[in-house]
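Here are a few short exercises to work through with the model open in your viewer. Try each task before you read its solution.

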Amino acid sequence: MRVLGVDPGLTRCGVGVVEGVAGRPLTMLGVGVVRTAADAELSHRLLAVEEGIEQWLDEYRPEFVAVERVFSQHNVRTVMGTAQASAVAMLCAARRGIPVALHTPSEVKAAVTGSGRADKAQVGAMVTRLLRLAAPPKPADAADALALAICHIWRAPAQNRLQQAVARHSLHATRAQATNAPAAKAQATKGRTA
């Protein structure tokens, strides 16, 4: 499985590609940051983020895109920029038919470090260890993008099994309704004629 992790942001949008399967050693294929100038117009910044993500999608051709789920912060300007960059990443993936998974920061931290309250240094250290890197990726946004990709690789098998179980349950329920529909219709008709 090849996953592009995206740590959304307008000034620095972390991107990282990890390949592998749960239970096996993982491989980092690329890591970086899409940067935009803080004084540029918002529309131009969003376009730059879109162009940067498109380049990563062209070069690495991931099977999945894992994006950090935007959560409420005290600074409204920060959360708005993060949400806008997140939407751009999801749009780029959707345009290509690539499935998108959203993971909360605490899910990612828990998956990578074992604690949902880990700090950025702990996440960077574990990403370095898990991917057998010489040093933690810089800036932290890049390490966070790799952590998102790792989290998705490790969580996807369980999520897929859950989605398949829900789909099977829905299919069985639909079939049961279809099977019982003629009997229910006959019963209703019988009740009206009596």
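**Exercise 1.** How much area does the protein expose, and what share of it do carbon and sulfur atoms supply?

*Solution.* A note first: this is a predicted model, where local features need pLDDT of at least 70, side-chain atom pairs count only at pLDDT 80 or more, and totals for chains, interfaces and linings use all residues. Residues are numbered from 1 along each chain as its sequence is written, and side-chain values use heavy atoms, leaving out hydrogens and water. The exposed area is about 11100 Å² (Shrake-Rupley method, 1.4 Å probe). Carbon and sulfur atoms supply 56% of that area.

**Exercise 2.** List the elements of the protein in order from the N terminus.

*Solution.* Start with the totals: 5 helices and 5 strands (DSSP runs: H or I of at least four residues for helices, E of at least two for strands). Then read along the chain: β-β-β-α-β-α-β-α-α-α.

**Exercise 3.** Describe how helices H3 and H4 meet.

*Solution.* Step one: locate H3 at residues 105–113 and H4 at residues 120–130. Step two: their axes (lines fitted to C-alpha atoms over the stretch in contact, with angles from 0 to 180 degrees between N-to-C directions) come within 9 Å and cross at roughly 50°. Step three: because of that angle, H3 is oblique to H4 (neither under 35 degrees, over 145, nor 65 to 115). Step four: name the residues in contact (heavy atoms within 4.5 Å). H3 contributes Lys109, Val112 and Thr113, while H4 contributes Gln122, Val123, Met126, Val127 and Leu130.
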